[in-house]
Every structure is written in structure tokens, then in C-alpha cells.
Amino acid sequence: MVDQLTFDKDNQERIHAVESSFGPAGKPLAQPGRVLVGEGRLVKQSRRGPQPKVFFLFNDVLVYGSIILNGRWHKKQKIIPLEDIQLEDLEDSASMRNQWLIRTPRKSFYVAAASYEEKRAWIEHMEDCRSRLLQKEGCRARSIFAVTWIPDQASAVCMRCSCRFSVTQRRHHCRKCGFVVCGACSKQRAVIKHIHPTKWLRVCTMCHSSLSTTPAEDQEVSRIRGSSTEKIGSDEDEAEGSCEEEEAEEQMEDHNPSRWMDYQVDSWSTYVYLRPEHMRPRT
């Protein structure tokens, strides 16, 4: 009984610390039964390149945000229910090591850890928490996920018409296929329900054509329209973090190993940080 009360108190304090780190703009995180399982710093691949982000894994959600002051202040809080997440392990690439793919209905993105051991620890804990969550009555896994955006630097030309990008010929992204396209090839808009139920999103000409010819019962969009004069949020509006923040937090030299809290199969009755090498303590 005393151990449980101590655990509950420590857990509440840690969740409050995470809430406070996002300031007034952050959403409340304290909920009955919610437990902070782990926290750490990962590199997230964005349209502007790799960016360090802070991640917090709870037993029911994954929370991440941009780093302003390392370990103390964060912004642009994102909260993803674990039932909406699908993980895919990936091999190392020339640009990112120890990476894996996190798929969600609204956004899919690549993340990378500082070491292979840390990568495995993140994947193991996320899958474990998700598995337990899906065993609860009324909790269902998602089946439709957003595509991953191809980074800006991956293509110097539009991936539809091959025109070269320049200061005046800007890059955009199709929300359906994730390709880097020019403005002329992405004039069309569509409502893609699993990304946003009402917002008009940019799609390329090829995806617009395929969506228009898909049978109504199979379409993943609720409405489709052609070129629009209505103001739509640009790719730049969705880009995360400023150039100054990216430069300040670009390096991983001061990377702090992710921290994990151990738990028992039937209850969250213990609260023990694992060793830095992410080996579970013996019981």
C-alpha cells in the first residue's frame, strides 16, 4: 500500500513536470490511470531535415515537442494515442542511423535514436504499451495511416512535371502521396478524412485524378474539388520549429540517454529507472 502511494505521488510529479515544460500552450496530461513510462531525445526527420525533438512515452499516448531549452522548456506539443500508432523498424541509411518509422493517421515520420540499444528500448516499450492498451475493451487499432513526406532536399525538381525548383518555384507536398511537387502540379484540394475531417488539403494532379475516379464507397476523402481560391495553410505553416531553433539544437553530442520506468505485467506498481544501457533490472 505504501509502495503504491509512493509510486502514485512520484508519477504525478513527473507528469506535472512534463506538463509544465510545455508552458501555457501545452495541453493537460494528467489523467486517471496515466503513467509516464519513458522519456528521451530523438531526431525526427522533417521536410527541412533532421531535427532533435523531446519524446515522452505514457502508457496510453506518445507526446513530443520541439526543444527550446534542453530538459526544461519545450513547445509545439503533439499528442498521439498509442492505438493510432504503427511502428516499422528500418535499416540504417546514409543520413540516419538507428531509425524507425512511426505511422499515424494524420502524420507519419521517421525518428532516430543515438544508439541501437536505445532504438530497441523505444520500440519495445512503445509496442508493449500499445499491446496492453489494445487489450482493453473498446480500444481499436487504426488501419489507415498518412504517408511520409519526402524531404525537400531529396528532389531538385517537381516529382510530377520535372520543373526545377527555385526561389520563385517553391516546393510543396501532396498530402496523399507525399511527393515533392510544384505549385502548378498541386493546385487541387481534397478532404482526406483520416488526416483531417474538414480541412481542405493540398494534393497533386495525379492523386486528385485517382481520387476522383475511385468508387464512392472506397474513397478515403469525403469531398474533392479542383483549383481553389480559398486560403489554405501552406507547407511552411506546418513546418515545425524555426531555423534558429534547428541550429541551436542540431547536434546530438549532449544527448541524454532515454529513461525508462519498469512496470509489472498486471500493475504499474514499481517505478525504477533502467540503467543507461537500457537493460532491465533483475527481479
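**Entry 1: Lys53**

In which strand is Lys53 found? I looked it up in this predicted model, and Lys53 turns out to belong to strand β2. Next I checked its surroundings. With a relative accessibility of 2%, Lys53 counts as buried, because the cut-off for that word is under 20%. I then went through its side-chain partners. One polar contact runs from the side chain of Lys53 to that of Gln51, at 3.4 Å. Another joins the side chain of Lys53 to the side chain of Ser66, at 2.9 Å.

**Entry 2: Ser258**

I turned to Ser258 and asked where it sits: which two elements does its loop lie between? The loop runs between α5 (243-248) and β13 (259-260). Is Ser258 buried or exposed? Ser258 is buried, and I noted a relative accessible area of 4%. Its side chain has a polar contact with the side chain of Glu118 at 2.4 Å. The side chain of Trp122 is also a polar partner of the Ser258 side chain, at 2.7 Å. I kept Trp122 in mind for the rings.

**Entry 3: Aromatic pairs**

How many aromatic pairs are there? I noted a count of 4. One of them is Phe22 with Phe56, an edge-to-face pair with 6.2 Å between centres and 70 degrees between planes. I placed both residues on the chain: Phe22 is in the loop between α1 (2-21) and β1 (36-46), and Phe56 is in strand β2 (residues 49-58), so this pair ties together parts 34 residues apart in sequence. Both Phe22 and Phe56 are buried.

Then I looked at Tyr64 and Phe109, whose pair is tilted, with 5.4 Å centre to centre and 55 degrees between the planes. This pair, too, links distant parts of the chain, as Tyr64 lies in strand β3 (residues 61-69) and Phe109 in strand β7 (residues 109-112), 45 residues apart. I checked the cover of each ring residue. Tyr64 is buried at 3% relative accessibility, and Phe109 is buried with a relative accessible area of 2%.

Here Trp122 came back: one aromatic cluster is formed by Phe55, Tyr64, Phe109 and Trp122. I wrote beside it that Trp122 also has the polar contact with Ser258.

**Entry 4: Charges over rings**

Which ring does the charged end of Lys44 sit over? I found that of Phe109, with the charged end 5.0 Å from the ring centre. So my notes on Phe109 now hold the tilted pair with Tyr64, a place in the aromatic cluster and the charge of Lys44 over its ring. I also noted Arg34, which lies over the face of Phe58 at 5.9 Å from the ring centre.

**Entry 5: Salt bridges**

I searched the whole structure and got 8 salt bridges. Among them is Arg259 with Glu39, whose side chains meet at 2.4 Å, N to O. Why does this pair tie together parts that are far along the chain, and how many residues apart are they? Arg259 is in strand β13 and Glu39 in strand β1, so the parts are 220 residues apart in sequence. I compared notes on exposure: Arg259 is partly exposed, with a relative accessible area of 37%, while Glu39 is buried at 16%.

Asp92 and Arg97 form another salt bridge, their closest N and O atoms 3.6 Å apart. Asp92 is partly exposed with a relative accessible area of 38%, and Arg97 counts as exposed at 56%.

I then looked within a helix. Asp128 and Arg132 form a salt bridge with closest N and O atoms 3.4 Å apart. Both lie in helix α2 (residues 116-134), 4 residues apart, which is about one turn of the helix. Asp128 is partly exposed at 23% relative accessibility, and Arg132 is partly exposed at 22%. I also recorded a network, in which salt bridges sharing partners join Asp89, Lys119 and Arg120.

**Entry 6: A nonpolar patch**

My last look was at the surface. Which residues make the nonpolar patch of about 280 Å²? They are Ile68, Leu69 and Trp73. I followed up Leu69, which has its place in strand β3 and counts as partly exposed at 47% relative accessibility. Strand β3 had already appeared in my notes through Tyr64, which is buried.

Key:
Residues are numbered from 1 along each chain as its sequence is written. This is a predicted model: local features need pLDDT of at least 70, side-chain atom pairs count only at pLDDT 80 or more; totals for chains, interfaces and linings use all residues. Side-chain values use heavy atoms; hydrogens and water are left out. Buried means under 20% relative accessible area, exposed over 50%, partly exposed in between (1.4 Å probe, protein chains only). A polar contact is a pair of N or O atoms within 3.5 Å; within protein, one must be able to donate a hydrogen and the other to accept it, and residues adjacent in sequence count only if both atoms are side-chain atoms. Rings of Phe, Tyr and Trp (its six-membered ring) pair if their centres lie within 6.5 Å; planes under 30 degrees apart count as stacked, over 60 as edge-to-face and the rest as tilted. A charge sits over a ring if NZ of Lys or CZ of Arg is within 6 Å of the ring centre and within 35 degrees of the ring normal. Patches are made of residues with over 30% relative accessible area and no salt bridge: like charges are joined within 9 Å, nonpolar side chains (Val, Leu, Ile, Met, Phe, Trp, Tyr) within 5 Å. Accessible areas come from the Shrake-Rupley method with a 1.4 Å probe; for residues, only the protein chains shown count as cover. A salt bridge is a side-chain nitrogen of Lys or Arg within 4 Å of a carboxyl oxygen of Asp or Glu.
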